[in-house]
Amino acid sequence: RTSLFFPGGKKPMPNFRMIERHYFRDQLQRSYDFTFGFCIPGSTNSWEAIYPLPELSGEMKDDMTSSPYEMRSDSFYFVDNKLVMHNKSAYCFAE
């Protein structure tokens, strides 16, 4: 599940899109591609997506909880097919 709240800038944002990739130990685990469409200048926007996650084996769960910050993600934001922002995150899972 992903929830985003973001303000629109001073200019229109046509074809707003986010690509999100999740890696564990530098190996791609999942990739998502979300299209928001058009965002009005000066607007406040919210967006939520519920999507399936792959089943994790017990071994993978153990690896993830015993390896803090080895799970990482990259989020790429595009406006009209031009990259405008790139965020990187690292995660620490605990039982």
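Here are three short exercises with worked solutions on this predicted model.

Residues are numbered from 1 along each chain as its sequence is written. In this predicted model, local features need pLDDT of at least 70 and side-chain atom pairs count only at pLDDT 80 or more, while totals for chains, interfaces and linings use all residues, and side-chain values use heavy atoms, with hydrogens and water left out.

**Exercise 1.** Find where histidine 22 sits, and decide whether histidine 22 is buried or exposed.

*Solution.* Start with the strand: histidine 22 belongs to S2, residues 13-24 (strands are DSSP runs of E, at least two residues, numbered from the N terminus). Next, take the relative accessibility, which is 8%, so histidine 22 is buried (buried means under 20% relative accessible area, exposed over 50%, partly exposed in between, with a 1.4 Å probe and protein chains only). Finally, look at the neighbours: leaving out residues up to four places away in sequence, its contacts include Tyr32, Met71 and Tyr91 (contact means heavy atoms within 4.5 Å).

**Exercise 2.** Work out which strand gives the largest share of the largest nonpolar core.

*Solution.* This core has 14 residues, and Phe16 and Trp47 are among those with the most contacts inside it (a nonpolar core is a set of buried Ala, Val, Leu, Ile, Met, Phe, Trp, Tyr and Cys residues joined through side-chain atoms within 4.5 Å). Two or more residues each come from S1 (2-7), S2, S3 (27-39), S4 (44-49) and S5 (71-79). The largest share, 4 residues, is from S3.

**Exercise 3.** Describe the surroundings of glycine 42.

*Solution.* Glycine 42 is in the loop between S3 and S4. With 63% relative accessible area, glycine 42 is exposed. Beyond four places in sequence, glycine 42 touches Gly8 and Gly9.
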